[in-house]
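Welcome! Here is a short briefing to help you find your way around a new structure, beginning with its charged side chains.

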Amino acid sequence: MPSLPAGWVAKRCLVSGKVQGVWFRAWTIEQAQARGLRGWVRNLADGSVEALFAGPQAKVEDMIAACHQGPPAARVVEVGVEDFAGDIPDSFAKRSGS
């Protein structure tokens, strides 16, 4: 596994609530790119949204905090966060759901 630059973290988030059909993925891409983060976002079959955020720790924490609110039409119930140790993409993009 490639190591992250100094001061970087990678976190996998699972966002539940009313988060599909409310532009959550597009909002996440816009917000993550504005923070210069790497990673991805996708819908899951259970109605939740999964995202990977990698970047400077403060920016990742800020993005996770933003996910607790989400875009205007979203109703976030919970944001689960765990460390991520897999491959990190070079940019931030939407992935196919599972």
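In this predicted model, Arg12 and Glu50 form a salt bridge, with their closest N and O atoms 2.5 Å apart. The pair links distant parts of the chain, since Arg12 sits in strand S1 (residues 8–18) and Glu50 in strand S3 (residues 49–56), 38 residues apart. Arg12 is partly exposed at 23% relative accessible area, whereas Glu50 counts as buried at 5%.

**More salt bridges**
- Arg12 also meets Glu82 in a salt bridge, at 3.0 Å from N to O.
- Glu82 belongs to strand S4 (residues 75–83), so this pair ties strand S1 to a part of the chain 70 residues apart in sequence.
- Asp62 and Arg35 form a salt bridge too, their closest N and O atoms being 2.8 Å apart.
- Asp62 lies in helix H2 (residues 57–67), while Arg35 is in the loop between helix H1 (24–34) and strand S2 (38–43).
- Asp62 is partly exposed at 41% relative accessibility, but Arg35 is buried at 15%.
- Shared partners join Arg12, Arg42, Glu50 and Glu82 into one network of salt bridges.
- The count of salt bridges comes to five.

**Overall fold**
- The protein has two helices and five strands, following the pattern β-α-β-β-α-β-β along the sequence.
- Its radius of gyration is 12 Å, which agrees with the value near 13 Å for a compact globule of 98 residues.
- Of the 98 residues, 38% count as buried.

**Surface and charge**
- About 5,400 Å² is exposed, and carbon and sulfur atoms supply 50% of it.
- There are 11 positive and 10 negative side chains, and the centres of the two sets lie 6 Å apart.

Key. Residues numbered from 1 in each chain as written. Predicted model: local features only at pLDDT ≥ 70, side-chain atom pairs only at ≥ 80, totals over all residues. Heavy atoms only, no water. Helix = DSSP H or I, 4+ residues; strand = E, 2+ residues; numbered from the N terminus. Rg over C-alpha atoms; globule rule 2.2 N^0.38 Å. Buried < 20%, exposed > 50% of the residue type's maximum accessible area, 1.4 Å probe, protein only. Areas by Shrake-Rupley, 256 points an atom, 1.4 Å probe, with all protein chains shown as cover. Lys, Arg positive; Asp, Glu negative; His and termini not counted. Charge placed at Lys NZ, Arg CZ, Asp CG, Glu CD. Salt bridge = Lys/Arg side-chain N within 4 Å of Asp/Glu carboxyl O.
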